[in-house]
Amino acid sequence: PAFMPPEASEEEAASLPKSRDWYAFGCCLMLMLLGERGGRLVQSGREPVLLPPPSEDIQAALQRASADPSNDADALAAAQALTAADPEARASAAEARRFAFLRGPIAVAEREVEEVQIEQRYSRD
């Protein structure tokens with residue numbers, strides 16, 4: 001639930017559009033960029049797990065981080081766009097590609113998916 005967009009409830013999560021995946025990706029990106037400064041450490045059994053803050057606190061955490069010049073401004077802007085509380089304001093896949101920080105990794109991921117799809121197609125024949 002910590003990685004679900006604010007408009008989602010657990011019951012309807014499976015029926016939400018793919019934009020929920022971009023929201024979750026934005027949460028992951030935020031945690032990769034900020035670590036414990038941007039998340040909350042909780043115990044899951046014996047293991048510590050880093051979770052994003054509650055959805056209503058994400059934008060404030062990213063805004064605070066953007067004041068630190070040692071943080072990558074483009075990466076933080078991408079995380080902010082992907083975790084916008086309003087689904088209409090949230091970055092889409094096309095908009096995510098506009099961030100220089102994400103352009104390369106998205107292209108690599110798309111090529112890998114395409115390669116797997118090609119392999120699956122030929123393995124069925």
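Reader: What makes the count of aromatic pairs come to one?

Author: One pair fits the rule: rings of Phe, Tyr and Trp (its six-membered ring) pair if their centres lie within 6.5 Å. The rings of W22 and F25 have centres 5.9 Å apart, so they pair. This is a predicted model: local features need pLDDT of at least 70, side-chain atom pairs count only at pLDDT 80 or more, and totals for chains, interfaces and linings use all residues. Residues are numbered from 1 along each chain as its sequence is written, and side-chain values use heavy atoms, without hydrogens and water.

Reader: Why is the pair of W22 and F25 called edge-to-face?

Author: Planes under 30 degrees apart count as stacked, over 60 as edge-to-face and the rest as tilted. The planes of W22 and F25 stand at 90°, so the pair is edge-to-face. Both residues lie in helix α1 (residues 19–34), three residues apart. Helices here are DSSP runs (H or I, at least four residues), numbered from the N terminus.

Reader: Why is F25 called partly exposed?

Author: Buried means under 20% relative accessible area, exposed over 50%, partly exposed in between (1.4 Å probe, protein chains only). F25 has 31%, so it is partly exposed.

Reader: What makes the contact of E110 and R97 a salt bridge?

Author: The term needs a side-chain nitrogen of Lys or Arg within 4 Å of a carboxyl oxygen of Asp or Glu. Their side chains meet at 1.9 Å, N to O. The structure holds one salt bridge. E110 sits in helix α5 (residues 100–124) and R97 in the loop between α4 (93–96) and α5.

Terms used: Helix = DSSP H or I, 4+ residues; strand = E, 2+ residues; numbered from the N terminus.
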